[in-house]
Amino acid sequence: MGDDDLAAAGVAPAATTTLSSRPRMAVLGAGHTGPVIARVAMAAGYPVTIAASGDPANIALITDVLAPGAEARWAADAVADAGIVVLAVPLHRFRDLEPALLAGKIVVDTMNYWPPVDGVQEMFDDPRYGSSEIVQRRLAGSTVVKTLNHIGYHELEDDRRPAGAPDRRALGVAGDDAAAVRTVADLIERIGYDAVRLDGLRAGRLLQPGGPVFGASLGREEFTRALAVRTHHRDRGSS
């Protein structure tokens, strides 16, 4: 599949990014997903802090056991010196998050709006927008990038493969800011996955529950082909 086909599918061609150092990552959420993301990021050389909604002493044991090497902090302290902030909180807790806390930060949205599982949530129940578009509207001072929402937390660690491995899995990265997408795509590559860059945050709808790649273990070509097929059908349906 060439670059023209990728563009038609709303997928940007892959790029190689070289960073002189890894940015510090703050993971907001110490449930199932947050500690796993912390572990794979630290294994890739990223310094990581973890925060929950309250006193870091409450998650110190969880952090020590499930993400040894990560530092438990108050949320404000974790975010303050972070280059990347990962939202790994339950979706219903997002409304409690103060947008000013994340102003000026690259925010990785790993959350999903999944009414059959979590029930209807008014903030996200607007079919005109993908869930990450709604997150971006609320976090107007931040730069939101959608990824890591379409792979199970229980798979994230086990499915990692080195670059070039024939069974290396692809993950999508969607955002409106090219520099932020490059930074997050580099993270995805470094933790052991092929990053497929989608054409804007709106295209991140393809990564949501019910989308063509949600929960699917696909290599780069298969992943890109699945996005292209869905985009083609959607465009034909709207013509």
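This is a short chat about the pocket, the cavity and the helices around them in a predicted model.

User: Let's start with the open space. What volume does the largest pocket have?
Analyst: The largest pocket comes out at about 680 Å³. It has 26 lining residues, and the closest to its centre are Thr33, Thr110, Met111, Asn112 and Tyr153.

User: Which helices supply at least two residues of that lining?
Analyst: That would be H2, helix H5 (115-118) and H7. H7 gives the largest share, three residues.

User: OK, closed space now. How many cavities of 30 Å³ or more does a search of the whole structure find?
Analyst: Just one turns up. The volume of the largest cavity is about 40 Å³.

User: And what lines the largest cavity?
Analyst: Met25, Ile37, Val40, Ala41, Leu148, Leu156, Leu187, Ile188 and Ile191 do. H2 and H8 are the elements that each put two or more residues into that lining.

User: Let me pick on Ile191. Where does it lie, and is it buried or exposed?
Analyst: Ile191 is in helix H8. Its relative accessible area is 5%, under the 20% cut-off, so Ile191 counts as buried.

User: What is Ile191 in contact with, leaving aside neighbours within four places in sequence?
Analyst: Val40, Ala41, Ala44, Leu148, Leu156 and Arg160. Take Ala41: it is 150 residues from Ile191 in sequence, yet their C-alpha atoms are 6.1 Å apart in space.

User: H2 keeps popping up. Is that helix mostly covered or mostly open?
Analyst: Mostly covered: H2 runs over residues 33-43, and eight of its eleven residues are buried. Those are Gly34, Pro35, Val36, Ile37, Ala38, Val40, Ala41 and Met42.

User: What covers them?
Analyst: The cover includes strand S2 (25-28), strand S3 (48-51) and strand S5 (84-87). On the helix side, it includes H3, helix H7 (153-156) and helix H8 (178-191).

User: What follows H2?
Analyst: Gly45 comes after it, with a positive phi, near 100 degrees.

User: Switching to the outside. Which residues form a nonpolar patch on the surface?
Analyst: Leu61, Ile62, Val65 and Leu66 form one, with about 360 Å² of accessible area together.

User: Why does Leu66 get into a patch?
Analyst: Leu66 has a relative accessible area of 36%, so it is partly exposed and clears the over 30% that patch residues need. Leu66 belongs to helix H3, residues 60-66.

Methods
Residues numbered from 1 in each chain as written. Predicted model: local features only at pLDDT ≥ 70, side-chain atom pairs only at ≥ 80, totals over all residues. Heavy atoms only, no water. Patch = residues over 30% accessible without salt bridge, like charges linked within 9 Å, V, L, I, M, F, W, Y side chains within 5 Å. Areas by Shrake-Rupley, 256 points an atom, 1.4 Å probe, with all protein chains shown as cover. Salt bridge = Lys/Arg side-chain N within 4 Å of Asp/Glu carboxyl O. Helix = DSSP H or I, 4+ residues; strand = E, 2+ residues; numbered from the N terminus. Buried < 20%, exposed > 50% of the residue type's maximum accessible area, 1.4 Å probe, protein only. Contact = heavy atoms within 4.5 Å. 1 Å grid on protein atoms, 1.4 Å probe; cavity = no way out; pocket = protein on both sides within 12 Å on 5 of 7 lines; lining within 4 Å. Points joined across faces, edges and corners; volume = space filled by probe spheres on them.
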